Amino acid sequence: MEFEEKQSLKLWWLYILLAIDAVIVLSIVLFDKGGMSFETLKANYFAPFWAVLLPFAIIYLLQKNKMTLQIGTEGISYKYFPFQTKLKLLSWGNIEKVYINKYNALGDYGGFGVRSRLWFKFNDKAYILNDKDKGLQIEFKNGKRLLFSSNKIDELEMFLINLKTKYNIQAIQ
């Protein structure tokens, strides 16, 4: 009996903003007062084109990040590729509480991705990879907290209820 979810950042709107920026930059470089000649571009190592293409490449690489979350009888495992290549296991013995929590990505954590809670609450960490407002909240016995966003919140909630009743795991609230 295991729950698994894979997520990645969806930044389609950022491509639109970058495309508008690219059109503006390239129109200034190529068409303003006759534009830059090929010799000038070559002397500048094609810097305007690199300035336009580099943000697209960075956003593309960011979208290749994948977070895997697995919940089973021994605990909760997760990895955030490419930063973590192996699953990290959080055993039920170290966990105080696990529950579904409502959060505000911008107000509580300042955005999306791997974030620490705002207002100097360094014990709270979150993996927010979607635009939903509910996720899996984990509270550890040492006071630290960890939040995972989820696209399958109803399925996750039913799985936690089944896991708690079948294996009598006290950490699941």
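This report describes the pockets, the cavity, the aromatic contacts and some backbone features of a predicted model.

## Annotated segments and their helices

The unreviewed UniProt entry lists residues 12–31 and 43–62 under "transmembrane region". In the model, residues 12–31 are 100% helix and 0% strand, and the C-alpha atoms at the two ends of this span lie 28 Å apart. Residues 43–62 are 85% helix and 0% strand, with the end C-alpha atoms 31 Å apart.

Leu41 belongs to helix α2, which covers residues 38–43. With a relative accessibility of 6%, Leu41 counts as buried, because the limit for that class is under 20%. Its C-alpha atom lies 10.0 Å from that of Leu30, and the two residues are 11 positions apart in sequence.

## A cavity and a ring pair involving α1 and α3

The structure contains one cavity of 30 Å³ or more, and the space in this largest cavity amounts to about 30 Å³. Its lining is made up of Leu18, Asp21, Ala22, Ala51, Val52, Pro55 and Phe56. Helices α1 and α3 each contribute at least two of these residues, and α3 gives the most, with four. By class, the lining of the largest cavity has six nonpolar residues, no polar residue and one charged residue.

Phe56, one of the residues lining the cavity, also takes part in one of the structure's seven aromatic pairs. Its ring centre lies 6.2 Å from that of Tyr15 and the planes meet at 15°, so the pair is stacked. This contact joins distant parts of the chain, since Tyr15 is in helix α1 and Phe56 is in helix α3 (residues 47–63), 41 residues apart. Tyr15 is partly exposed, at 25% relative accessible area, and Phe56 is likewise classed as partly exposed, at 24%.

## Aromatic cluster and a charge over a ring

Tyr80 and Phe83 form another stacked pair, with 5.7 Å between the ring centres and 25° between the planes. The two partners fall into separate accessibility classes: Tyr80 counts as buried at 5% relative accessibility, whereas Phe83 counts as exposed at 62%. Both belong to a cluster in which ring pairs link Tyr78, Tyr80, Phe83, Tyr127 and Phe148.

A further contact to an aromatic ring involves a charged side chain. The charged end of Arg117 sits over the ring of Tyr109, at 5.4 Å from the centre of that ring.

## The largest pocket

The largest pocket holds about 270 Å³ of space. It is lined by 14 residues, and those closest to its centre are Leu9, Lys10, Leu129, Asn130 and Asp131. The elements giving two or more residues to this lining are strand β1 (3–7) and helix α1 (12–31). By class, six of the lining residues are nonpolar, four are polar and four are charged.

## The second largest pocket

The second largest pocket encloses about 220 Å³ of space. Among its 13 lining residues, Lys88, Lys125, Phe140, Lys144 and Leu146 lie nearest the centre. Three strands, β4 (88–91), β7 (121–128) and β9 (145–149), give two or more residues each to the lining, and β7 supplies the largest share, four residues. The lining of this pocket comprises five nonpolar, three polar and five charged residues.

## Backbone exceptions

Most residues other than glycine have a negative phi, and most peptide bonds are trans. Against that background, the peptide bond from Phe81 to Pro82 is cis, with omega near 10°. Pro82 is placed in the loop between β3 (75–81) and β4.

Asn168, although not a glycine, has a positive phi of about 55°. This residue lies in the segment after α5 (153–167), and at 53% relative accessibility Asn168 counts as exposed, because the limit for that class is over 50%.

Conventions: Residues numbered from 1 in each chain as written. Predicted model: local features only at pLDDT ≥ 70, side-chain atom pairs only at ≥ 80, totals over all residues. Heavy atoms only, no water. 1 Å grid on protein atoms, 1.4 Å probe; cavity = no way out; pocket = protein on both sides within 12 Å on 5 of 7 lines; lining within 4 Å. Points joined across faces, edges and corners; volume = space filled by probe spheres on them. Nonpolar A, V, L, I, M, F, W, Y, C, P; charged D, E, K, R; others polar. Phe/Tyr/Trp six-rings, centres within 6.5 Å; stacked < 30°, edge-to-face > 60°. Buried < 20%, exposed > 50% of the residue type's maximum accessible area, 1.4 Å probe, protein only. Lys NZ or Arg CZ within 6 Å of the ring centre and 35° of its normal. UniProt positions renumbered as here; feature names shortened; annotations may be inferred.
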